[in-house]
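Reader: Hey, could you walk me through this one? I'm new to reading structures.
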Amino acid sequence: MSTIFGLLIIAVGSMGQSSSYVPINKIKEWSWENFWLMQGIFAWLLFPLLGAFMASTPSELIAIYTTNAAASWKAIGYGVLWGVGGLTFGLSMRFLGIALGQSVALGTCAAFGTLIPAMLTGTDLFSPKGLILLLAVAVTLAGIALVGYAGSLRSKNMSEEERKKAIKDFALKKGLLIALFAGVMSACFSLGLSAGIPVKEAAIAAGAKELFAQNPVTLLVTLGGFVTNLVYCLYMNRKNKTGGEIKRSSKAVLVNNLLFCALAGLLWYSQFFGLGMGQSFFEPGSVMMAFSWSILMSLNVVFSNVWGIILKEWKGAGKKAVVFLVIGMAVLIFSLVIPNLF
């Protein structure tokens with residue numbers, strides 16, 4: 001029962017993440033770099049900071065971070081690398097759409113983000129536990145491959161005019177390459193969470209509830225990612241001469257954009273807030289715990305494709321494409337229960 005409860009919590013957070021890119025359509029008059037940076041302030045700084053305060057007081061957090069300085073800096077460093085993935089992740093959806101872009105990027109992210117931390121923590125992938133983990137990841141990748149195939153069928157069946165209508169800058173080859181790179185770099189978030197385990201343990205030792213104990217680690221990783229995105233967005237501001245765009249906004253536009261940026265940031269952060277809470281219901285050292293990263297990515301793919309359907313990205317894709325999409329999503333959902341079948 002506790003495992004099911006943990007899965008439900010992760011699913012709620014995943015649903016939030018998959019919805020986080022929808023508010024972008026409500027942003028008015030701002031360039032991409034200003035929207036991206038502003039929602040990042042909420043997603044990678046403010047809400048993670050509030051989440052960390054749910055685990056420990058500010059003074060306790062400082063003591064935990066300084067006492068575990070090596071683990072803290074590693075988590076931040078992986079966050080910087082993850083930030084590169086975050087930037088290209090946005091581009092993958094620009095060229096492929098929410099459904100296919102998230103599917104390819106998150107599939108790559110699921111495999112690397114699950115297996116590498118498992119190996120780094122000493123898991124023998126050829127032991128019974130390791131083989132179950134490999135099977136679960138393989139099924140996850142199979143489901144994502146089916147979704148990706150459905151995306152390629154959609155591309156073939158849609159006219160150029162329909163593609164541009166559904167996805168303004170649709171470019172399959174370019175989008176796939178960017179999505180694969182984004183997935184590899186995005187997996188560094190999982191590596192950052194793994195590197196920050198000493199910080200999580202120190203938070204629990206200091207009295208933090210296990211339900212929120214991962215939040216201080218999440219803050220470190222998102223902080224590193226914020227640095228990467230800040231540098232890039234400031235560069236784009238200078239290149240496109242959009243640095244004063246926010247200041248020049250009318251009051252109505254400013255209020256509207258800040259509200260939707262805050263909403264996007266909250267929805268995005270909910271996936272990792274939910275992941276930390278959900279993991280607290282899994283047995284430590286279990287296959288379910290090791291597989292939890294892939295669980296989050298699988299659910300992100302499922303919910304992102306639900307949004308893809310709602311936003312009519314699959315309109316005109318053809319019956320065969322839709323059938324493979326549904327099968328792929330079903331396989332992804334089945335992958336969630338594999339660790340509990342053995």
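**Pocket, serine and cysteines**

Author: Sure, let's start with a pocket: the second largest one has a volume of about 650 Å³. This is a predicted model, where local features need pLDDT of at least 70, side-chain atom pairs count only at pLDDT 80 or more, and totals for chains, interfaces and linings use all residues. Residues are numbered from 1 along each chain as its sequence is written, and side-chain values use heavy atoms, with hydrogens and water left out.

Reader: What counts as a pocket, and what does volume mean here?

Author: On a 1 Å grid over the protein atoms alone, a pocket is an open set of points where a 1.4 Å probe fits, with protein on both sides within 12 Å along at least five of seven lines; lining residues have an atom within 4 Å of a point. Points are joined across faces, edges and corners, and the volume is the space filled by probe spheres set on them.

Reader: OK, how many residues line the second largest pocket?

Author: It is lined by 26 residues, and S194, I197, Q279, M289 and A290 lie nearest its centre. The elements giving two or more residues to that lining are α4 (69-120), α8 (188-195), α9 (197-205), α11 (251-279) and α12 (287-310). Helices here are DSSP runs of H or I with at least four residues, numbered from the N terminus.

Reader: Cool. Switching topic: is S294 buried or exposed?

Author: S294 counts as buried because its relative accessibility is 0%; buried means under 20% relative accessible area, exposed over 50%, and partly exposed in between, using a 1.4 Å probe and protein chains only. S294 lies in helix α12.

Reader: And what does S294 touch?

Author: Not counting residues up to four places away in sequence, S294 touches A110, T114, V137 and T140, where contact means heavy atoms within 4.5 Å. A polar atom of the S294 side chain also lies 3.3 Å from the backbone oxygen of A110.

Reader: Now cysteines. How many disulfides does the structure hold?

Author: Zero. A disulfide is a pair of cysteine sulfur atoms within 2.5 Å. C109 is in none, as the nearest cysteine sulfur, that of C188, is 8.8 Å away.

Reader: Why is there no bond for C233?

Author: Because its sulfur is 11 Å from the closest cysteine sulfur, in C261, too far for a bond.

Reader: So are C109 and C233 buried or exposed?

Author: C109 counts as buried at 2% relative accessibility, and C233 counts as buried at 0%.

Terms used:
A polar contact is a pair of N or O atoms within 3.5 Å; within protein, one must be able to donate a hydrogen and the other to accept it, and residues adjacent in sequence count only if both atoms are side-chain atoms.
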